[in-house]
Amino acid sequence: MITFYDKNQIMYIVYYNTPIMISKASTLFKRSFLFVFVSLTCFLSQAQNILVTPYLQNGSPNDMSIMWETDTANAGFVDWGNDAFTLTNTVTSTSITSDGSNQIHTATISSLSPNTKYYYKVRTTTGNLSALYTFNTHPTKTSETSINLVAMSDMQSDSSNPNVFETIIDNGIIPVANANYANGMEDIEAILIPGDLVASGSYSSWRNTFFAPADDISAFVPIYPVLGNHEYFGTGVSLYLDYFNLPLNGSTSNPEEWWYKDISNVRIVGLNSNSPSADLTTQLSWLQTVLDDAGTDTSVDFVFVQLHHPFKSELWTPGELDFTGEIISLLETFTTSYNKPSIHFFGHTHAYSRGQSRDHNHLWVNVATAGGAIDNWGEFPNADYDEFVISED
């Protein structure tokens, strides 16, 4: 904007190259207007902009957490309701600092009804509004409602093919859901990610290579990740813990690094297979308790575990980890003792594989790669394992 006066003391403002006449001004008016103009300019320079668009976290039958990131420390708000045109309820966010003056916001909406659709927008203190989004609360355990889950891993950006993750979402998951489910993407209950969400763990990689490509789905479906080895590069783990709001039912010493969540009649367990930083022995003991509880809970019929490292990999044997073998042994015993099927989802090795334990109702599914460079046959040491029905690079 530029302010000027002509020879008759008529004030003009040039706004986007268009002169707008204000009035013939007295000296006092000119001074007053310039004061207001400077004040408005200062206010606009501190406008709170949304850097990471809203994404869903840690849902339940009665709650949903919404997170987003802004470039200043002002408070944020979620306006929500049962109807797109009556967002009459408001929740104020809490926030933590991410990078510089940027703030990660969390707002949790409570006292909701199970398996119900809601509408929401995010609003900043300075008036910026997000788009209108929807979410569905999770069904109750006892409802045994049929659910659809997406499991994908290792979307860390490959510099040779940087758009794979976004393509998988926009040209894969979303159109497939729209073609096969009555309510399209809304019928996806959760997204499971067994690690390596980013390549470097840097702040820019979180914003640009994970949240930006995922924004067409993450605002509508809650994401439940676990840590991969790439999250340990740089400040990746601290940013991971800041960016996600995961169940706190794992460990007080390593909060959000291992956890479980019941969605309908499925118990989903997240583990941290990154040794030695994670307490692997403690996790084994904790998992046994969680499995025994699921075994005796009549409302839990399945257990799905996700962790990053494979026990066996046909395309990349150097990535194998014995800890995952110990997890599989616990799950095999669980299926035999309680007659409830189980699955473990993993990544780390960038090639699809699926199979099962021979004598137990336990499935093995590698859900990578969703962006990381493919492990091609013959590129690394390979193996042929009896447990896998199919492996493809």
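Visitor: Which residues point one way from strand 6 and which the other way, and are they buried or exposed?

Guide: In this predicted model, Gly76, Val78 and Trp80 point one way from strand 6, while Phe77, Asp79 and Gly81 point the other way, and all of them are buried. Numbering starts from 1 along each chain as its sequence is written. Local features need pLDDT of at least 70, side-chain atom pairs count only at pLDDT 80 or more, totals for chains, interfaces and linings use all residues, and side-chain values use heavy atoms, with hydrogens and water left out.

Visitor: What makes strand 6 mostly covered?

Guide: Of the 6 residues in strand 6, which spans residues 76-81, 6 are buried. Buried means under 20% relative accessible area, with exposed over 50% and partly exposed in between (1.4 Å probe, protein chains only). A strand is a DSSP run of E of at least two residues and a helix a run of H or I of at least four, numbered from the N terminus.

Visitor: How do you know that strand 6 and strand 7 pair?

Guide: Two strands pair if DSSP finds at least two bridges between them, and strand 6 has 4 bridges to strand 7 (residues 89-92), in the antiparallel sense. In strand 7, asparagine 89 is the bridge partner of tryptophan 80. Strand 6 is also joined by 6 bridges to strand 10 (residues 117-124), again running antiparallel, and there the bridge partner of glycine 81 is tyrosine 119.

Visitor: Why is helix 5 described in this way relative to helix 6, and what is the description?

Guide: Helix 5 (residues 280-296) and helix 6 (residues 322-338) pack at an angle of about 15°, and their axes are 10 Å apart. That angle makes helix 5 roughly parallel to helix 6, because angles under 35 degrees count as roughly parallel, over 145 as roughly antiparallel, 65 to 115 as roughly perpendicular and the rest as oblique. The axes are lines fitted to C-alpha atoms, for helices over the stretch in contact, with angles running from 0 to 180 degrees between N-to-C directions.

Visitor: Which residues in helix 5 and helix 6 meet?

Guide: Among them are Leu284, Leu287 and Leu291 in helix 5 and Phe323, Ile327 and Leu330 in helix 6, where contact means heavy atoms within 4.5 Å.

Visitor: How are helix 3 and helix 4 placed to each other, and why?

Guide: The axes of helix 3 (residues 203-218) and helix 4 (residues 236-243) come within 10 Å and cross at roughly 55°, and these two helices are therefore oblique to each other. Where they meet, helix 3 brings Tyr203, Trp206, Arg207 and Phe211, and helix 4 brings Gly236, Leu239, Tyr240 and Tyr243.
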